[in-house]
Amino acid sequence: MNYFPFFAELKNRPVLVVGGGDVALRKIELLLRANAKVLVVAKELHSAVKILQDSAKITLIAQEFQENQLDNVYLVIAATDDTALNKRIFQAAESKCRLVNVVDEQEHCNFIFPSIIDRNPVQIAISSGGAAPVLIRLLREKLEALLPKNIGVMAAIAQRFRGVVKSRFPHITQRRRFWEKLFQSADFQRLTDNERIQQAEDFVNKTLHQDNLPRVGEVSLVGAGPGDAGLLTLKGLQRIQQADVVLYDALVSEQVLDLVRRDADKISVGKRAGNHSVQQEETNRLLVKYAKQGKRVVRLKGGDPFVFGRGGEELEVLKEAGIAFEVVPGITAALGATAYAGIPLTHRDHAQTTMFITGHTKPDGKNLTWNTLAQGNQTLAVYMGTIKAAELAEQLQAHGRKPDTPVAVISHGSLPTQQIFAGELRDLPKLAENAASPALIVVGETVALQSKLAWFGQDAQQFVGDATALKLQEASTAEFANTSEKITAYQTIAA
């Protein structure tokens, strides 16, 4: 964040405004709405500012700015058309550790005014940090239209009942459930919307004495999608916003985790091939433990929970423990990553079937049916297959797939860091060896369309032929400080 957002209480606090024109007037009016004690320094006053002075709503303390005027003020606003004066005010305020805003001079501000949506006591502030004020104005207009006018009334009633609710429900989870139920109630919304305050308060009292809060929690199995938070379903977003506890996989992106409610407990139960930091049995135990504590639990999985995600195994445990559950599907990697890479899974001219397989199975798992996997006019999407890419390429060729069959390895699919390493089946081991995890392998004729249909992020890196493969192999032996350096080196080789 370029700016840390916070709300400051200015009631009866002295705020210095240097300037008395149109711009100063706008800031003064805003400060008065926050009940600030406004002190003004100006040679001339706008007629409206003069009226505020005459009515004792503001105090004119001087005509010229002096540094000692900053000694006892909470924050400072410079609203003059004198650039040199504005700069001097900024430097003086900085030296005294005062918050200062020079209007329309972002480089001379250590705080800025956001665009405000006021539903007192509810306030919503949005800002672009000065980067795009017109965009923020448009966003504010959209939010103003979407947010009901009665949310301020709802919040005011809630404020009056906070103590009573805390006495009635000593545990924070119980209180949260109560407030969620109240605010989502159509009756409460209707009463507050019609300004029927007493009836709305009677409704709160009635709801307070209904003993219908669940004693046992529930589990939502939620698919987080391949990475891009925009691909999270609306229902998935609602569940992670309501959760008390979120148990998440290593494949869940930071973008999605940022959408989890701030006060929810986030617990990593991630697994990666060859490095199981949390055993499945422990994950199962935690799901049951938190649900039995009466909490709303979300099991957040990358992609879709029922596609190579062990979702079925976890639900079996919950069913045996008598815990209620639901499943919120997500966009699986084979759908999301290939779409962002510009690779159709099916195409009338190239592929009539698609198969999803995993390269990571239990030690006693059944062998793959290679004759079926190697069929032509078929797209093969391989999850967790980079470790076994050499075996995959060898077996597919041995069972009929041509060595020049198009292939791609998609790393970090749908994220800004997405990389696509494209080539032929004979090159697959080298492509997979140098691709960052997590990665999806795609084999089939439709991969050849990628160069034509690519629309997101950078173009695929094409590694074709022995000479390039050799360079790639040499590059892989070098010591790179991090993944970004490695990607840069691969781009240079491809070029």
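Is cysteine 109 buried or exposed? At 12% relative accessibility, cysteine 109 counts as buried, because the cut-off for burial is under 20%. Cysteine 97 falls on the other side of the scale: its relative accessibility is 70%, so this residue counts as exposed. The count of disulfides in the protein is 0. These values, like those that follow, come from a predicted model.

The protein has 495 residues, and buried residues make up 44% of them. Its secondary structure comprises 19 helices and 18 strands. Contacts often span long stretches of sequence. Among those between residues at least 6 apart, 65% join residues at least 24 apart.

One open sheet is built from 5 strands. Their order is β3-β2-β1-β4-β5, and the pairing is parallel. In general, strands of a sheet pair through backbone hydrogen bonds, in either a parallel or an antiparallel sense. The edges of this sheet are formed by β3 (58-62) and β5 (99-102), each of which pairs on one side only. From one strand to the next, the twist averages 25 degrees. Strand β1 (residues 14-18) is joined to strand β2 (residues 37-41) by 5 bridges in the parallel sense. Valine 18 has valine 41 of β2 as its bridge partner. Helix α3 (residues 83-95) lies across β1, β4 (75-78) and β5. Its direction makes an angle of about 165 degrees with β5.

Nonpolar side chains tend to be buried together in soluble globular proteins. The largest nonpolar core here contains 21 residues. Within this core, Leu396, Leu428 and Ile441 touch the most other members. At least two core residues come from each of α14 (370-373), β14 (378-383), α15 (389-398), β15 (406-411), α16 (428-433) and β17 (439-443). Helix α15 gives the most, with 4 residues. A second, separate core has 19 residues, including Val17, Leu25, Ala79 and Phe111.

Helix α15 has a buried side and an exposed face. Ala389, Leu392, Ala393 and Leu396 are buried in α15. These four residues lie on the same side of the helix, because they cover an arc of only 95 degrees around its axis. The general rule is that an α-helix has 3.6 residues a turn, so residues three or four places apart point the same way. Glu394 and Ala398 are exposed, on the face of α15 turned away from the buried side. The cover over the buried residues of α15 includes α14, β14, α16 and β17. Leucine 396 has its own set of contacts in this region. Residues up to four places away in sequence aside, leucine 396 touches Trp370, Leu373, Ala374, Leu380, Arg401, Leu425 and Val443. Glycine 400 follows α15 and has a positive phi, near 120 degrees.

Another buried site is found in strand β16 (residues 419-424), which contains isoleucine 420. Isoleucine 420 counts as buried because its relative accessibility is 2%. Leucine 440 is 20 residues away from isoleucine 420 in sequence. In space, the two are 9.6 Å apart, C-alpha to C-alpha.

Terms used: Residues are numbered from 1 along each chain as its sequence is written. This is a predicted model: local features need pLDDT of at least 70, side-chain atom pairs count only at pLDDT 80 or more; totals for chains, interfaces and linings use all residues. Side-chain values use heavy atoms; hydrogens and water are left out. Buried means under 20% relative accessible area, exposed over 50%, partly exposed in between (1.4 Å probe, protein chains only). A nonpolar core is a set of buried Ala, Val, Leu, Ile, Met, Phe, Trp, Tyr and Cys residues joined through side-chain atoms within 4.5 Å. Contact means heavy atoms within 4.5 Å. Two strands pair if DSSP finds at least two bridges between them. Axes are lines fitted to C-alpha atoms, for helices over the stretch in contact, and angles run from 0 to 180 degrees between N-to-C directions. The arc is that of the directions from the helix axis to the C-beta atoms. A disulfide is a pair of cysteine sulfur atoms within 2.5 Å.
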